[in-house]
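Visitor: I would like to learn how to read the features of a protein model, one at a time. Could you take me through one?

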Amino acid sequence: MPTVYYVREYVEAGGLMSYGPNFLDLFRRMADYVNKILRGAKPEDLPVEQPTKYDLVINLTTARALGLTVPQSLQVAADEVIE
């Protein structure tokens with residue numbers, strides 16, 4: 001069954017595609033928050049942030065197995081294409 005996940009690991013394990021936040025980027029930004037707090041900033045003074053970088057990952061092997069054709073424009077827009 002074709003499914004879109006939010007975590008890239010599911011696509012690496014055989015899922016069709018994922019679109020979700022880049023967790024590595026989130027962890028780096030979280031480290032900035034920790035650094036600010038350790039340097040004396042009050043947590044309540046720090047703004048709440050949302051993810052700003054999202055990744056699109058497509059597994060073409062799975063698409064072929066399901067008999068699906070992924071448009072070239074979507075493949076070009078993807079951050080990673082697994083073949």
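Visitor: How many residues apart are Arg8 and Glu12 in helix H1, and what does that spacing correspond to?

Guide: In this predicted model, Arg8 and Glu12 both belong to helix H1 (residues 8-12) and are 4 residues apart, which means that about one helical turn separates them. Side chains of opposite charge can pair when their charged atoms come close. Here the side chains of Arg8 and Glu12 do meet in a salt bridge, at 3.2 Å from N to O. Arg8 is partly exposed, with a relative accessibility of 25%, and Glu12 is also partly exposed, at 46%.

Visitor: Which residue of strand S4 pairs with Arg8, and how far apart in sequence are the two?

Guide: The residue is Glu80, which lies in strand S4 while Arg8 lies in helix H1, so the pair ties together parts that are 72 residues apart in sequence. The closest N and O atoms of this salt bridge are 1.8 Å apart. Taken together, Arg8, Glu12 and Glu80 form a network of salt bridges, and the whole structure holds 4 salt bridges.

Visitor: What is the situation of Asp55, and which side chain of opposite charge is nearest to it?

Guide: Asp55, which is in strand S3, is buried and yet has no salt bridge, the nearest side chain of opposite charge being that of Arg8, 4.2 Å away. A salt bridge calls for a distance within 4 Å, so the pair of Asp55 and Arg8, at 4.2 Å, is not counted as one. The side chain of Asp55 does, however, make a polar contact of 2.9 Å with the side chain of Asn22.

Visitor: In what order do the strands stand in the sheet?

Guide: The 4 strands form an open sheet in the order S1-S2-S3-S4, with mixed pairing. Strand S1 (4-5) and S4 are at the edges and have a single partner strand each, so one side of each is left without a neighbour in the sheet. Strands S3 and S4 run parallel and are joined by 3 bridges, and Ile58 has Val81 in S4 as its bridge partner.

Visitor: Which residues make up the largest nonpolar core?

Guide: In soluble globular proteins, nonpolar side chains tend to be buried together. In this model the largest nonpolar core has 8 residues, namely Leu16, Met17, Leu56, Ile58, Leu60, Ala63, Val70 and Ala78. Strand S3 (54-59) and helix H3 (60-65) are the elements that give two or more residues to this core.

Conventions: Residues are numbered from 1 along each chain as its sequence is written. This is a predicted model: local features need pLDDT of at least 70, side-chain atom pairs count only at pLDDT 80 or more; totals for chains, interfaces and linings use all residues. Side-chain values use heavy atoms; hydrogens and water are left out. A nonpolar core is a set of buried Ala, Val, Leu, Ile, Met, Phe, Trp, Tyr and Cys residues joined through side-chain atoms within 4.5 Å. Buried means under 20% relative accessible area, exposed over 50%, partly exposed in between (1.4 Å probe, protein chains only). Lys and Arg count as positive and Asp and Glu as negative; His and the chain ends are not counted. A polar contact is a pair of N or O atoms within 3.5 Å; within protein, one must be able to donate a hydrogen and the other to accept it, and residues adjacent in sequence count only if both atoms are side-chain atoms. Two strands pair if DSSP finds at least two bridges between them.
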